[in-house]
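Please open the model in your viewer and keep the selection tool at hand. The stops below take you from one ring to the wider fold.

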Amino acid sequence: MSPPVKVLGHFASPFAHRVEVALQLKGVPYELIQEDLSNKSELLLANNPVHKKVPVLFHGDRAICESLVIVEYIDEVFDGPSLLPSDPYDRAIARFWSDFVDKVFSFQKLEGPAHRAVLDGTLGRGRGAEDSSGGGQAEASASGGAAQGEEVVWGDTIGYVDVAASVLGPWLSMVEEVTGVVVLDEEEYPALRRWSKEYNSYEALKQCVPDRGQLAAFYTERKEKYKMIAKAWLKQ
Ligand SMILES: N[C@@H](CCC(=O)N[C@@H](CS)C(=O)NCC(=O)O)C(=O)O
């Protein structure tokens, strides 16, 4: 029998959400432990002493930190549909885009306005339905430009890049709603917008999508902070 799986998370954390999504997609039962980020638990401090952040995955008595590291671990250890593609090149591309998404949403400066064009032109398209090896995801090539005839992002399968980009789902619309700042303009980023909507209504993930009312209360309390962050990001 596989050791028990627990996720130390926080309801408003998009990073913890990534881990839950991966577990849901793999069909792995898990227990969710809500961390109090204003008064961090010994469990968190002892198991993520470097960053002191959620999520932390517990697999039996082993702890793993960093959401994307955890997602890869889940993909390797558990049965179920592959999240990363089987081909090494496709895997490298998927990692490139998930790293890219990570940088964008930790609000690191990339290459100025160009990064948004890349976001829409490339991340916003994927091989989707054509690829059954865990590659039905928001990816194309690392050099930009989706290949001819590709479907927009969401294919038959959901993969690693979609999981990495999940912050663009419930969180993006919530931050925009609460702050009044449009981060991804509908006309400028139609593909990502469409992806975001589809993500929010994706049946298999509903169980781990945070309660909208609770999320709204959380962001409303921190409205000014997120307004500044959203505006700063737009100025890049
Ligand atoms: N790069 C980390 C980011 C994790 C992260 O920023 N977690 C936030 C919650 S969304 C946190 O624990 N913050 C607590 C703090 O900064 O003290 C990951 O992907 O796991």
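Begin by selecting Phe96, which is partly exposed with a relative accessible area of 35%, where partly exposed covers the range between buried, under 20%, and exposed, over 50%, with a 1.4 Å probe and protein chains only. Add Trp97, which counts as buried at 1% relative accessibility. The ring centres of Phe96 and Trp97 lie 5.0 Å apart with their planes at 85°, so this is an edge-to-face pair; rings of Phe, Tyr and Trp (its six-membered ring) pair if their centres lie within 6.5 Å, and planes over 60 degrees apart count as edge-to-face, under 30 as stacked and the rest as tilted.

Before going on, note that this is a predicted model, in which local features need pLDDT of at least 70 and side-chain atom pairs count only at pLDDT 80 or more, whereas totals for chains, interfaces and linings use all residues. Residues are numbered from 1 along each chain as its sequence is written, and side-chain values use heavy atoms, with hydrogens and water left out.

The structure holds four aromatic pairs, and the next to select is Phe11 with Phe218, an edge-to-face pair at 5.7 Å centre to centre and 85° between the planes. Phe11 sits in the loop between strand 1 (5–9) and helix 1 (14–26), while Phe218 belongs to helix 9 (residues 212–221), so the pair ties together parts that are 207 residues apart in sequence; helices (H or I, at least four residues) and strands (E, at least two) are DSSP runs, numbered from the N terminus. Phe11 is partly exposed at 22% relative accessible area, and Phe218 is buried at 16%. Adding Tyr219 and Tyr226 to these two completes one aromatic cluster.

Which residues have the most contacts inside the largest nonpolar core? Select Leu23, Leu57 and Ile74, which hold that place in a core of 41 residues; a nonpolar core is a set of buried Ala, Val, Leu, Ile, Met, Phe, Trp, Tyr and Cys residues joined through side-chain atoms within 4.5 Å. Domain 1 (5–77) and domain 2 (88–234) both give residues to this core, so it lies between them. Apart from this core lies another, of 10 residues, among them Val167, Leu215, Tyr219 and Tyr226.

Finally, show the whole chain, which has 10 helices and four strands, and in which 49% of the 236 residues count as buried.

Conventions:
Domains from an automatic or database assignment.
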